[in-house]
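Subject: A structure for you to look at

Hello,

I am handing over the structure we talked about, with its sequence alongside. Please open it first, and then read on.

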Amino acid sequence: MLNKFKNYVRILREDDCGAPAIEYGLIAALIAVIIIGAVAIVGTDLSNLFNTISSSI
């Protein structure tokens with residue numbers, strides 16, 4: 001019984017078929033956070049630029 005359990009644990013440790021999906025998910029989340037931050041920064045600056053242009057016209 002103990003040998004079957006040890007073999008099962010060994011098989012689970014060696015099984016890494018879900019690892020690439022988790023890695024791709026983390027990369028996609030990081031890219032999304034970077035895009036959201038960039039849009040927030042650029043959006044504010046762009047809004048200020050349009051307000052400056054419209055007030056000077």
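Below is what was found in it, from the whole protein down to single residues.

Please keep in mind that this is a predicted model.

The whole protein

How many helices and strands does the secondary structure of the protein come to? There are two helices and zero strands. With a radius of gyration of 25 Å, the protein is well over the 10 Å that the globule rule gives for 57 residues, so it is more spread out than a compact globule. You can see this in the box that the C-alpha atoms fill, which is roughly 85 × 15 × 5 Å along the principal axes.

What share of the 57 residues is buried? The answer is 0%, where buried means a relative accessible area under 20%. The accessible surface of the protein is about 5,300 Å², and carbon and sulfur atoms account for 71% of that surface.

As for charge, the protein carries 4 positive and 5 negative side chains. The centres of these two sets are 24 Å apart.

Helix 1

Helix 1 covers residues 2-14. At 1.5 Å a residue, its 13 residues should span 18 Å, and the end C-alpha atoms are indeed 18 Å apart, so the expected and computed spans agree. Helix 1 is hardly covered, with a count of zero buried residues among its 13.

One residue to look at here is Asn7, which sits in helix 1. Is Asn7 buried or partly exposed? Its relative accessible area is 39%, so Asn7 is partly exposed. From Asn7 to Val33 there are 26 residues along the sequence, and the C-alpha atoms of the two are 41 Å apart in space.

Helix 2

Helix 2 takes in residues 19-56, and Ala19 belongs to it. Ala19 has a relative accessibility of 30% and therefore counts as partly exposed. Leu46 lies 27 residues from Ala19 along the chain, with 40 Å between their C-alpha atoms.

Ala29 is also found in helix 2. At 40% relative accessibility, Ala29 counts as partly exposed. Where does Gly43 lie in relation to Ala29? The two are 14 residues apart in sequence and 21 Å apart in space, C-alpha to C-alpha.

I hope this helps you find your way around.

Best wishes

How values were computed. Residues are numbered from 1 along each chain as its sequence is written. This is a predicted model: local features need pLDDT of at least 70, side-chain atom pairs count only at pLDDT 80 or more; totals for chains, interfaces and linings use all residues. Side-chain values use heavy atoms; hydrogens and water are left out. Helices (H or I, at least four residues) and strands (E, at least two) are DSSP runs, numbered from the N terminus. The radius of gyration is taken over C-alpha atoms; the globule rule is 2.2 Å times the number of residues to the power 0.38. Buried means under 20% relative accessible area, exposed over 50%, partly exposed in between (1.4 Å probe, protein chains only). Accessible areas come from the Shrake-Rupley method with a 1.4 Å probe; for residues, only the protein chains shown count as cover. Lys and Arg count as positive and Asp and Glu as negative; His and the chain ends are not counted. The place of a charge is taken as NZ of Lys, CZ of Arg, CG of Asp or CD of Glu. The expected span of a helix is 1.5 Å times one less than its number of residues.
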